[in-house]
Amino acid sequence: MTKEVMVTLSGLQLGDGENEVIETVHIGEYYEKDGTHYLFFDELIEGNARPVRNMLKIAPQKLEVRKRGPVSAELVFEEGAVNETAYSIPYGSFLVAVRTTGVRLSVEEEKVELNASYELIVNGEHCSDCDIRVVAEPRHSYRLQRETR
């Protein structure tokens, strides 16, 4: 796959009887070394001129997410494990834990896709059950899909 990619992050949160789907698309960089896939991209957040720099390290049973800038965190999604981190935002910090129940990686010549299911725990309290999907595709072949009704 090429160095220049489009990174699509899709998330589903199930909590308190409500489902919330969030999807973002970013221009990023892709590298592969010894079977581990790396994605780098910047994310703009409202109210901050400085972007959040994201690094995703993707392996067959594990996803590591590092955020640096106005938001700072190191999240680890590893099947069967619970991982905790301090999640810092401009207004303060809180303790986040993820209990990962499944991680699935699919690698094709022009696409890397990872799906993970996890329980989100904030400051010791169950917040929601979540699914995350990370897709990296070459930038030159990326097309926005229109929803058909």
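How many bridges pair strand β7 (residues 82-89) with strand β8 (residues 92-108), and in which sense, parallel or antiparallel? The two strands pair in the antiparallel sense over eight bridges. The legends below describe close-up views of a predicted model.

**View 1. Strands β7 and β8 form a hairpin.** The connection from β7 to β8 runs through two residues. Within this pairing, S88 has S93 of β8 as its bridge partner. Strand β7 covers residues 82-89, and strand β8 covers residues 92-108.

**View 2. Strand β8 pairs with strand β9 (residues 111-122).** The two strands run antiparallel and are joined by 12 bridges. G102 of this pairing faces S117, which lies in β9. As in the previous view, a hairpin makes the connection: two residues link β8 to β9.

**View 3. S106 is located in strand β8.** Its relative accessibility is 32%, so S106 counts as partly exposed. Leaving out residues up to four places away in sequence, S106 touches K111, V112 and E113. K33 is 73 residues from S106 in sequence, and the C-alpha atoms of S106 and K33 are 16 Å apart in space.

**View 4. Strands β2 (residues 18-33) and β3 are paired antiparallel.** Six bridges hold this pairing. G28 has F41 of β3 as its bridge partner. The hairpin of β2 and β3 has two residues between the strands, and in this hairpin D34 takes a positive phi near 55°.

**View 5. Strand β3 also pairs with strand β4 (residues 52-59).** Seven bridges join β3 to β4, and the two strands run antiparallel. Y38 stands opposite K57, a residue of β4.

**View 6. F40 is part of strand β3 (residues 36-43).** F40 counts as partly exposed because its relative accessibility is 23%, where the buried class ends at 20%. When neighbours within four places in sequence are set aside, the contacts of F40 are G28, E29, Y31, R53, N54 and M55. One of these residues, G28, is 12 residues from F40 along the chain, with 5.4 Å between the C-alpha atoms of the pair.

**View 7. H37, also in strand β3, is shown with its surroundings.** The relative accessible area of H37 is 6%, so the residue is buried. A polar contact of 2.7 Å links the side chain of H37 to the side chain of Y30. Apart from residues up to four places away in sequence, H37 touches Y30, Y31, E32, L56, K57, I58, L105, V107 and V112. Y31 is thus listed among the contacts of H37 and among those of F40.

**View 8. The largest pocket has a volume of about 880 Å³.** It is lined by 30 residues, of which Q13, K67, Y87, Y118 and I132 are the closest to its centre. Strand β1 (residues 4-15) gives the most to this lining, contributing five residues. Sorted by class, the lining consists of 20 nonpolar, six polar and four charged residues.

How values were computed. Residues numbered from 1 in each chain as written. Predicted model: local features only at pLDDT ≥ 70, side-chain atom pairs only at ≥ 80, totals over all residues. Heavy atoms only, no water. Helix = DSSP H or I, 4+ residues; strand = E, 2+ residues; numbered from the N terminus. Buried < 20%, exposed > 50% of the residue type's maximum accessible area, 1.4 Å probe, protein only. Contact = heavy atoms within 4.5 Å. 1 Å grid on protein atoms, 1.4 Å probe; cavity = no way out; pocket = protein on both sides within 12 Å on 5 of 7 lines; lining within 4 Å. Points joined across faces, edges and corners; volume = space filled by probe spheres on them. Nonpolar A, V, L, I, M, F, W, Y, C, P; charged D, E, K, R; others polar. Pairing = 2+ DSSP bridges. Polar contact = N/O pair within 3.5 Å; in protein donor to acceptor, adjacent residues only side chain to side chain.
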